[in-house]
Amino acid sequence: MHRFANPARFLNIARPFTGWLFWPGLILLAAGAGCGLFVTPPDYLQGETVRILYIHVPAAWLGMAGWGGIAVAALMQLVWRHPLAAVAGRAIAVPGALFTAICLITGSIWGRPTWGTWWEWDGRMTSMLVLFFLYLGYMALANASARQAQGGVSPTTAIFGLVGAVNIPIINRSVVWWNSLHQGPSITMRGSSIDMALLWPLGLTLVGFTLLFAAIVLMRMRTILAEAKAEARMQRMARG
Amino acid sequence: MKAKHQRLILALAALVALVGAALLAASALRDEAAYFYAPADVRTKGVEAGKAIRLGGMVVKGSLKHAPDGVTIHFDVTDGKATVPASFKGIAPDLFREGSGVVAEGAFDRSGTFVATNLLAKHDERYMPRELEGMNYNETTHQMKAEQ
């Protein structure tokens with residue numbers, strides 16, 4: 001991994017990759033969302049309301065995967081002192097928080113017509129809200145220590161990212177461990193209880209959103225590196 | 001031992017301790033963090049009349065009755081182990097129906113009937129087109145089979 005530690009080499013690779021991830025992601029997302037809205041049949045119980053699934057589920061996945069990425073980056077930063085890991089952690093936080101918010105908002109909109117409530121404090125909803133607050137805390141900590149970390153995040157922020165990862169399995173298991181209003185998992189190791197007729201656009205939006213997420217992270221990493229470079233140059237000029 | 005390995009071991013040990021602590025906390029919260037009481041919980045733990053709780057389970061098929069006043073409904077809630085009678089006055093959510101899940105907020109009266117002040121519909125994890133309605137989902141094979 002230290003082959004990519006050199007920012008110049010990383011930028012050479014990241015520049016074309018941003019486009020390769022962004023455009024296929026956008027196309028898959030548009031196809032999935034379009035098919036989810038107009039092609040698939042309505043659900044036997046929920047009717048048309050079920051279509052919000054195609055946004056809600058990828059948003060939940062990326063909110064949780066984003067924190068997984070922050071935890072991996074934190075581990076690489078703390079153990080191997082990888083210079084880009086700190087930048088990656090900072091880059092992931094904003095899209096991760098955004099997708100967590102999308103998950104909470106779409107879930108709330110979905111809950112009103114199906115369950116009969118905008119919000120309830122059950123295990124799944126509460127733990128997902130905690131994840132959103134963890135993102136806010138991580139971003140605040142990262143910004144407060146940005147100057148000393150040269151565009152990345154401070155070791156304290158990385159430790160916070162690692163500790164926060166404890167919440168991810170709790171979110172995942174919350175509907176199994178505790179009685180909850182949210183239903184149990186539909187897609188497990190044993191298969192899917194979403195019928196194929198409704199399932200396939202979810203695959204498209206899942207992959208599409210994930211590629212978009214990766215493209216956004218690369219864009220943000222490039223921005224952070226450019227900012228750090230500009231900052232360093234300004235300091236040199238001020239001194240010289 | 002290199003400093004890198006020392007940091008790796010330290011980080012992993014801290015992570016293991018942390019996950020262990022979280023698991024312990026989660027298992028201790030098992031009952032307290034439950035969003036509702038199932039009918040079997042009500043029977044084993046005993047819930048005194050008048051105490052505000054949530055009761056969750058399935059609406060027993062054929063138990064739903066509309067009272068003559070037009071706004072009150074009576075139904076039974078079951079979790080497969082125990083069944084309790086419940087009543088509700090007001091507008092139930094669209095997805096509230098027999099054989100489907102319900103979470104009712106309210107309290108037991110002295111006769112042991114759960115008087116709900118609010119009803120929430122709880123649906124399960126299955127999604128399918130209308131043509132497949134009435135078919136049974138096999139948990140182990142993930143196949144749909146016509147209802148016998």
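User: Which share of the contacts in chain A between residues at least 6 apart in sequence joins residues at least 24 apart?

Analyst: That share is 78%. Two residues are in contact here if their C-beta atoms, placed from the backbone, lie within 7 Å. Please bear in mind that this is a predicted model, in which local features need pLDDT of at least 70 and side-chain atom pairs count only at pLDDT 80 or more, while totals for chains, interfaces and linings use all residues. Residues are numbered from 1 along each chain as its sequence is written, and chains are lettered from A and ligands numbered from 1 in the order in which they are written.

User: How many helices and strands does chain A have, and in what order do they run?

Analyst: Chain A has seven helices and two strands, arranged from the N terminus as α-α-α-α-α-α-β-β-α. These elements are DSSP runs numbered from the N terminus: H or I over at least four residues for a helix, E over at least two for a strand. Along the principal axes, the C-alpha atoms of chain A fill a box of roughly 70 × 35 × 30 Å.

User: What makes residues 92-110 of chain A a helical span?

Analyst: Happily, the numbers are plain: this span is 100% helix and 0% strand, with its end C-alpha atoms 27 Å apart. Residues 198-219 of chain A are likewise 100% helix and 0% strand, and their end C-alpha atoms lie 33 Å apart. The unreviewed UniProt entry lists both spans as "transmembrane region", along with 20-39, 59-80, 125-146 and 158-178 of chain A. UniProt positions follow the numbering used here, feature names are shortened, and annotations may be inferred rather than shown by experiment.

User: Why is Tyr127(B) called buried?

Analyst: Good one to check! Tyr127(B) has 24 other C-beta atoms within 10 Å, and a residue is buried at 20 or more, exposed at 12 or fewer and partly exposed in between, with C-beta atoms placed from the backbone. Tyr127(B) therefore counts as buried. Tyr127(B) sits in the loop between β6 and β7 of chain B. Beyond its neighbours within four places in sequence, the contacts of Tyr127(B) include Asp43(A), Ile194(A) and Leu198(A).

User: And what makes His123(B) partly exposed?

Analyst: His123(B) has 18 C-beta neighbours inside 10 Å, so the in-between class applies. His123(B) also belongs to the loop between β6 (114-122) and β7 (135-137) of chain B. Leaving aside neighbours within four places in sequence, His123(B) contacts residues including Leu45(A), Gln183(A) and Ser100(B). An unreviewed UniProt entry annotates His123(B) and Tyr127(B) as "binding site".

User: Why is Thr44(B) exposed?

Analyst: Thr44(B), in helix α2 (residues 39-45) of chain B, has 10 other C-beta atoms within 10 Å, so Thr44(B) meets the limit for exposed.

User: How many residues of chain A are in contact with chain B?

Analyst: 38 residues of chain A touch 36 residues of chain B. The elements giving two or more residues to that side of chain A are α2 (53-80), α3 (83-114), α5 (155-164), α6 (167-177) and α7 (196-239). Of these, α2(A) gives the most, with four residues.

User: What is notable about phi of Arg81(A)?

Analyst: Phi of Arg81(A) is near 55°, a positive value in a residue other than glycine. Most residues other than glycine have a negative phi. Arg81(A) lies in the loop between α2 and α3 of chain A.
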